[in-house]
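Subject: Handing over the structure

Hi there,

Here is the structure I promised to pass on to you. Please open it alongside this email, and I will walk you through what turned up.

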Amino acid sequence: MTFTAGEQEFLRNQPIGRLCTVGPDGGPQIRPVGLHLGADGSTIDIVGHALASTQKWRNVIGNPQVAFIVDEVISVKPPRAHGVEIRGAAQVLPGRGSTDDGLSGDIIRITPQRIISWGIDHPQTRGRPA
């Protein structure tokens, strides 16, 4: 599964997304996280300041299935929004990232298995799932 050029551009310009992982009890956990589009443009890299010490890190080790969403509301009236939802498999990559700006250097990398976007490649559909 690959991102369109429009999805890649949108993701490159968004600093924050929401990562949903599955906890040890089977329940969901959702958290805001920093993100980068992977170097090859086909993955999402989640970064943070103490990423390997977090529950989301442990959740990915226990169950790699995740959902991730990045969206932006441009206006409520008229309704205009766009975003990308990614469902896929995540893997932990200790020490494989940047330590610039106090980042831990750890990465949670998401490989998409399903990509759903709205209002990006077809702006006339903004505010409605594509």
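One term before we start: two residues are in contact when they have heavy atoms within 4.5 Å of each other. With that in mind, E72 touches F10, Q14, A81 and H82, leaving out residues up to four places away in sequence. Please keep in mind throughout that this is a predicted model.

The whole chain

Let me step back to the overall picture before returning to single residues. The protein chain has 2 helices and 6 strands. If you follow the sequence from its start, these elements come in the pattern α-β-β-β-α-β-β-β. The radius of gyration is 15 Å, close to the 14 Å that the globule rule gives for 130 residues, so the chain is as compact as a globular protein of that length. Along its principal axes, the C-alpha trace spans about 40 × 35 × 25 Å.

Some totals may help you get your bearings. Of the 130 residues in the protein chain, 42% are buried. Taking the contacts with a separation of 6 or more, 61% are between residues 24 or more positions apart. The accessible surface comes to about 7100 Å², and carbon and sulfur atoms hold 53% of that surface. As for charge, the chain has 13 positive and 12 negative charges, and the mean positions of the two sets are 7 Å apart.

Strand β4 and the loop after it

Back to E72, which sits in strand β4, residues 65–75. Is E72 buried, exposed or something in between? Its relative accessibility is 33%, so E72 counts as partly exposed. One of the residues E72 touches is H82, and the two side chains also make a polar contact, at 2.7 Å. For a sense of distance, the C-alpha atoms of E72 and V33 are separated by 15 Å, and the two residues are 39 apart along the chain.

Just past this strand there is a detail worth finding on your screen. The peptide bond from K77 to P78 is cis, with omega near -5°. P78 belongs to the loop between β4 and β5, the latter being residues 80–93.

Strand β1

R18 is found in strand β1, residues 16–22. With a relative accessible area of 35%, R18 is partly exposed. Which residues does R18 contact, leaving aside neighbours within four places in sequence? They are I30, R31, P32, A67, F68, I69 and D71. With D71, the side chain of R18 makes a polar contact of 3.1 Å, side chain to side chain. R18 and L35 are 17 residues apart along the chain, and their C-alpha atoms are separated by 9.3 Å.

The loop between β2 and β3

S42 lies in the loop that runs between β2 (28–37) and β3 (44–47). Its side chain makes a polar contact with the side chain of D40, at 2.9 Å. Outside its neighbours within four places in sequence, S42 is in contact with F3 and P112. P28 is 14 residues from S42 along the chain, with 25 Å between the two C-alpha atoms.

Strands β5 and β6

L93 is part of strand β5. Its relative accessible area is 6%, under the 20% cut-off, so L93 is buried. Not counting residues up to four places away in sequence, L93 touches W57, G105, D106, I107 and R109. From L93 to R58 the C-alpha distance is 12 Å, with their places 35 residues apart in sequence.

In strand β6, residues 107–118, you will find S117. At 14% relative accessibility, S117 counts as buried. The side chain of S117 makes a polar contact with the side chain of E7, at 2.7 Å.

That is the tour. Have a good look around, and do write back if anything puzzles you.

Best wishes

Notes: Residues numbered from 1 in each chain as written. Predicted model: local features only at pLDDT ≥ 70, side-chain atom pairs only at ≥ 80, totals over all residues. Heavy atoms only, no water. Helix = DSSP H or I, 4+ residues; strand = E, 2+ residues; numbered from the N terminus. Buried < 20%, exposed > 50% of the residue type's maximum accessible area, 1.4 Å probe, protein only. Polar contact = N/O pair within 3.5 Å; in protein donor to acceptor, adjacent residues only side chain to side chain. Rg over C-alpha atoms; globule rule 2.2 N^0.38 Å. Areas by Shrake-Rupley, 256 points an atom, 1.4 Å probe, with all protein chains shown as cover. Lys, Arg positive; Asp, Glu negative; His and termini not counted. Charge placed at Lys NZ, Arg CZ, Asp CG, Glu CD.
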